[in-house]
Amino acid sequence: MATLTIPRSSPLVAGTIVAGVLGASALLGRRNAPDASHPGVARWYRRLSKPPFTPPKPVFGAVWPVLESAMAVGGYRVLRAPPSPQRTAALGLWLGTSAMIGGWTELFFRRHALSASTAASAATTVASAGYVAAAARVDRPAALAGAPLTGWLVFATVLANSVRRRNA
């Protein structure tokens, strides 16, 4: 059985791919943000019963860009690594994790699907951990760049599940 390997990306191609992934994530996140530009979403989120360990709103705004930027650095490094089946797996998990983060915002903020968004958060955590493990076999700094996101996603899944239970 033949294994898929993706050619090594030039700096320009890798940078373009990373910018596209970050841009798509930012657009989707922006589309679903619970802020003044989306008053219905903001009102719904404010009214949810949240656990006492819910971080203040500014923490979310500060943490996510840092975590996603770190993942972007990791993705760039993996894109620049020599082709191998391990690299292909890491790239697939990097792209999947990025897409799942955007999908979570759609489920939670736009559709108010608390059970589905909790399951999606858990799946994103697993994908992120898979990325870190796969990236470690390709480029250790790329794996280290993704590890904080995995930790945050564990917390986010616990938080999402608590919100789901409190608002059943």
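Reader: Leaving aside neighbours within four places in sequence, which residues is Phe155 in contact with?
Author: The model is a predicted one. Phe155 is found in helix α6, and its C-alpha atom is separated by 9.9 Å from that of Thr54, 101 residues apart along the chain. Leaving aside neighbours within four places in sequence, the residues in contact with Phe155 are Phe53 and Pro55.

Reader: Is Phe155 buried or partly exposed?
Author: Buried means under 20% relative accessible area, and exposed means over 50%. Phe155 has a relative accessible area of 26%, so Phe155 is partly exposed.

Reader: How far apart in space are Val78 and Asp35?
Author: Val78 is found in helix α3. In sequence, Val78 and Asp35 are 43 residues apart. From C-alpha to C-alpha, the distance between Val78 and Asp35 is 34 Å.

Reader: Why does Val78 count as buried?
Author: Leaving aside neighbours within four places in sequence, Val78 is in contact with Arg87, Ala90, Leu91, Tyr131, Ala135 and Ala142. The limit for a buried residue is under 20% relative accessible area. Val78 counts as buried because its relative accessibility is 1%.

Reader: In the largest nonpolar core, which residues touch the most other members?
Author: This core has 23 residues. The helices α1, α3, α4, α5 and α6 (140-166) each supply at least two residues of this core. The residues that touch the most other members are Val78, Leu79, Trp94, Tyr131, Ala135 and Leu149.

Reader: How many residues are in the other core?
Author: Another core lies apart from the largest nonpolar core. Among its members are Val41, Leu48, Leu159 and Val163. Its number of residues is nine.

Reader: Not counting residues up to four places away in sequence, what does Leu149 touch?
Author: Leu149 belongs to the largest nonpolar core, and Leu149 also helps to line the largest cavity. With residues up to four places away in sequence not counted, Leu149 touches Trp64, Leu67, Met71, Thr97, Ile101 and Ser128.

Reader: At what relative accessibility does Thr97 count as buried?
Author: Thr97 is found in helix α4. Not counting residues up to four places away in sequence, Thr97 touches Met71, Thr124, Ala127, Ser128 and Leu149. Thr97 counts as buried, with a relative accessibility of 0%.

Reader: What is the volume of the largest cavity?
Author: Rolling a probe the size of a water molecule over the atoms shows where empty space is left. A search of the whole structure finds one cavity of 30 Å³ or more. The volume of the largest cavity is about 60 Å³.

Reader: Which element gives the most to the lining of the largest cavity?
Author: The lining includes Val21, Glu68, Trp94, Thr97 and Leu149. By class, the lining residues are seven nonpolar, three polar and one charged. Two or more residues come from each of α1 (11-31), α3 (57-80) and α4. With four residues, the element that gives the most is α4.

Reader: What length does helix α4 reach from its first C-alpha to its last?
Author: Helix α4 (residues 85-110) has 26 residues. At 1.5 Å a residue, 38 Å is expected for α4. The reach from its first C-alpha to its last is close to that, at 37 Å.

Reader: Which residue that follows α4 has a positive phi?
Author: The residue is found in the loop between α4 and α5. Its relative accessible area is 35%, so the residue is partly exposed. Its phi is about 55° although the residue is not a glycine, and its name is His112.

Reader: Which residues does Ser121 touch, not counting those up to four places away in sequence?
Author: Ser121 lies in helix α5 (residues 114-136). At 4% relative accessibility, Ser121 is counted as buried. Those touched by Ser121 are Trp104, Leu153, Ala156 and Thr157.

Reader: Which residues are closest to the centre of the largest pocket?
Author: About 1000 Å³ of space lies in this pocket, and 38 residues line the pocket. The closest to its centre are Pro34, Phe60, Trp64, Thr105 and Phe109.

Reader: Which element gives the most to the lining of the largest pocket?
Author: By class, this lining has 23 nonpolar, 10 polar and five charged residues. At least two residues come from each of α1, α2 (39-47), α3, α4, α5 and α6. With eight residues, the element that gives the most is α3.

Terms used: Residues numbered from 1 in each chain as written. Predicted model: local features only at pLDDT ≥ 70, side-chain atom pairs only at ≥ 80, totals over all residues. Heavy atoms only, no water. Expected span 1.5 Å × (residues − 1). Buried < 20%, exposed > 50% of the residue type's maximum accessible area, 1.4 Å probe, protein only. Contact = heavy atoms within 4.5 Å. 1 Å grid on protein atoms, 1.4 Å probe; cavity = no way out; pocket = protein on both sides within 12 Å on 5 of 7 lines; lining within 4 Å. Points joined across faces, edges and corners; volume = space filled by probe spheres on them. Nonpolar A, V, L, I, M, F, W, Y, C, P; charged D, E, K, R; others polar. Core = buried A, V, L, I, M, F, W, Y, C linked by side-chain atoms within 4.5 Å.
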